Amino acid sequence: MNNLSGRGRVAGLPAWDRCAVMGVVNVTPDSFSDGGRWFDTTAAVKHGLDLVAEGADLVDVGGESTRPGATRVDEAEELRRVVPVVRGLVSEGVTVSVDTMRASVAEQALAAGAALVNDVSGGLADPAMIPVVADAGAPFVVMHWRGFLQGGNVRGVYEDVVAEVLDELRARVEAVSAGGVAPERIVVDPGLGFSKEAEHDLALLAHLDRLHALGHPLLVAASRKRFLGRVLAGPGAAPPPARERDAATAAVSALAAHAGAWAVRVHEVRATADAVRVARAVEGARAAGPAPGARSGHGAHGAPHAPGGQDVHGAHGPGHATGAPGEHGAVGER
């Protein structure tokens with residue numbers, strides 16, 4: 001991994017000195033989070049520009065929902081939704097990612113100026129995807145994926161979720177590299193919310209450092225996902241709606257940035273843009289050395305420093321942070 005502030009950089013994309021912010025534009029009528037709000041091309045382009053004004057470094061445009069139970073849109077309709085929005089944003093100087101599982105959509109989006117392909121299947125849904133990306137020399141996001149989510153839980157069972165996701169991602173990265181995508185253009189994504197229960201998502205967030213062993217920049221896409229709703233609701237309570245999870249999303253963004261993520265993918269940009277910039281400032285302060293007047297081994301008031309590596313779950317562990325029992329996490333929330 002080419003290091004840049006410890007989080008790597010992706011060949012073919014701008015270099016940021018902090019965790020980048022990827023804003024989401026869903027050109028769909030049925031996204032779990034904001035379906036229908038930006039379905040019109042003009043509205044979608046304006047929304048993307050608004051996200052950039054709020055602090056997004058790049059914008060991820062998708063035309064197919066991966067929410068639980070969503071029916072796949074046909075190829076012609078996905079092209080109709082996505083390509084004009086990509087072209088409109090690129091014409092305004094925006095760095096654009098295309099969120100698609102179809103090689104034809106990726107190919108036409110790249111031809112329209114998209115800079116990155118973000119495929120939640122990591123190239124598994126369409127055998128033509130890897131050759132298209134390799135021929136274009138484009139950066140590619142490889143997400144952990146266990147199959148389409150129609151029909152409910154797709155093998156969302158793990159003995160050790162971190163080890164298994166790591167192993168499965170490593171195998172997929174090797175296949176993508178063998179298919180001709182340059183290693184310096186590969187990004188990995190642990191696939192939060194895809195074939196995972198809430199405790200699995202939390203465990204992955206708690207151990208993002210282990211994913212750096214893959215040697216590729218890391219994208220974290222936690223925005224508004226169901227596991228955050230379970231954490232916010234607490235045991236037995238109904239989770240808040242997706243659009244009421246933005247503060248929790250910003251908190252995860254700060255944690256991910258602190259853990260060395262290359263980028264975070266979010267629906268509401270402003271709070272996350274602030275969060276990653278604060279995380280970067282704290283990194284800078286740490287790199288600058290001890291604070292003026294600090295005593296060795298003690299904080300400003302003489303109290304010992306807290307040990308590092310505290311589990312993100314808190315005192316009760318993942319099993320107590322996820323809320324109602326029986327909640328299936330085998331969802332792909334876009």
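This note goes through a predicted model of one protein chain, point by point.

1. **Overall make-up.** The protein chain contains ten helices and eight strands. Of its 334 residues, 53% count as buried. If one takes the contacts in the chain with a separation of 6 or more, residues 24 or more positions apart account for 70% of them.

2. **How helix packing is described.** Three helix pairs are taken up in the points below. Two packed helices are described by the angle between their axes and by the distance between those axes.

3. **Helices α3 and α4.** Helix α3 covers residues 103-111 and helix α4 covers residues 129-136, and their axes come within 8 Å while crossing at roughly 15°. Angles under 35 degrees count as roughly parallel, and that makes α3 roughly parallel to α4. The crossing of these two helices is right-handed. On the α3 side the residues that meet the partner are Ala 103, Ala 106, Glu 107 and Leu 110, and on the α4 side they are Met 129, Val 132 and Ala 136. Sorted by class, the contact of α3 with α4 has six nonpolar residues, no polar ones and one charged residue.

4. **A closer look at Ala 136.** Ala 136, which is found in helix α4, is one of the residues that meet α3. Is Ala 136 buried or partly exposed? With a relative accessible area of 46%, Ala 136 is partly exposed. Its C-alpha atom is separated by 9.9 Å from that of Ala 115, and the two residues are 21 residues apart along the chain.

5. **Helices α9 and α10.** Helix α9 (residues 246-258) and helix α10 (residues 269-287) have axes that come within 8 Å and cross at roughly 30°, and the two helices are therefore roughly parallel to each other. Their crossing is right-handed. From α9 the contact takes in Thr 249, Ala 250, Ser 253, Ala 254, Ala 257 and His 258, while α10 contributes Ala 271, Thr 272, Ala 275, Val 276, Ala 279, Glu 283 and Arg 286. The residues of this contact divide into seven nonpolar, four polar and two charged.

6. **Helices α6 and α8.** What angle do α6 and α8 make when they pack? Helix α6 (residues 198-206) and helix α8 (residues 226-233) pack at an angle of about 100°, with their axes 9 Å apart, and α6 and α8 are therefore roughly perpendicular to each other. The contact is formed by Ala 198, Asp 201, Leu 202 and Leu 205 from α6, together with Phe 227, Arg 230 and Val 231 from α8. These residues divide into five nonpolar, no polar and two charged.

7. **The aromatic pair.** When the whole structure is searched, one aromatic pair is found. The ring centres of Trp 16 and Trp 262 are 6.2 Å apart and the ring planes stand at 55°, so the pair is tilted. Trp 16 belongs to the segment before β1 (20-26) and Trp 262 to the loop between α9 and β8 (263-266), so the pair ties together parts that are 246 residues apart in sequence. Both Trp 16 and Trp 262 are buried.

8. **Two residues with positive phi.** Most residues other than glycine have a negative phi, and two residues deserve a careful look against that background. Ser 195 has a phi near 55°, a positive value in a residue other than glycine, and its place is in the loop between β6 (186-189) and α6. Ser 195 is buried, with a relative accessible area of 1%. Arg 224 has a phi near 60°, again a positive value in a residue other than glycine, and it sits in the loop between β7 and α8. At 7% relative accessibility, Arg 224 counts as buried.

9. **Ala 221.** The loop between β7 (219-220) and α8 also holds Ala 221, which is buried, with a relative accessible area of 2%. Measuring C-alpha to C-alpha in the model, Ala 221 and Thr 249 are 9.3 Å apart in space, although they are 28 residues apart in sequence. Thr 249 is one of the α9 residues in the contact with α10.

10. **Asp 74.** Where does Asp 74 lie? Asp 74 lies in the loop between β2 (58-62) and α2 (75-91). With a relative accessible area of 48%, Asp 74 is partly exposed, and its C-alpha atom is separated by 9.1 Å from that of Glu 64, ten residues away along the chain.

Notes
Residues are numbered from 1 along each chain as its sequence is written. This is a predicted model: local features need pLDDT of at least 70, side-chain atom pairs count only at pLDDT 80 or more; totals for chains, interfaces and linings use all residues. Side-chain values use heavy atoms; hydrogens and water are left out. Axes are lines fitted to C-alpha atoms, for helices over the stretch in contact, and angles run from 0 to 180 degrees between N-to-C directions. Helices (H or I, at least four residues) and strands (E, at least two) are DSSP runs, numbered from the N terminus. Angles under 35 degrees count as roughly parallel, over 145 as roughly antiparallel, 65 to 115 as roughly perpendicular and the rest as oblique. A crossing is left-handed if the near helix is turned anticlockwise from the far one by less than a right angle, and right-handed if clockwise. Contact means heavy atoms within 4.5 Å. Ala, Val, Leu, Ile, Met, Phe, Trp, Tyr, Cys and Pro count as nonpolar, Asp, Glu, Lys and Arg as charged, and the others, Gly among them, as polar. Rings of Phe, Tyr and Trp (its six-membered ring) pair if their centres lie within 6.5 Å; planes under 30 degrees apart count as stacked, over 60 as edge-to-face and the rest as tilted. Buried means under 20% relative accessible area, exposed over 50%, partly exposed in between (1.4 Å probe, protein chains only).
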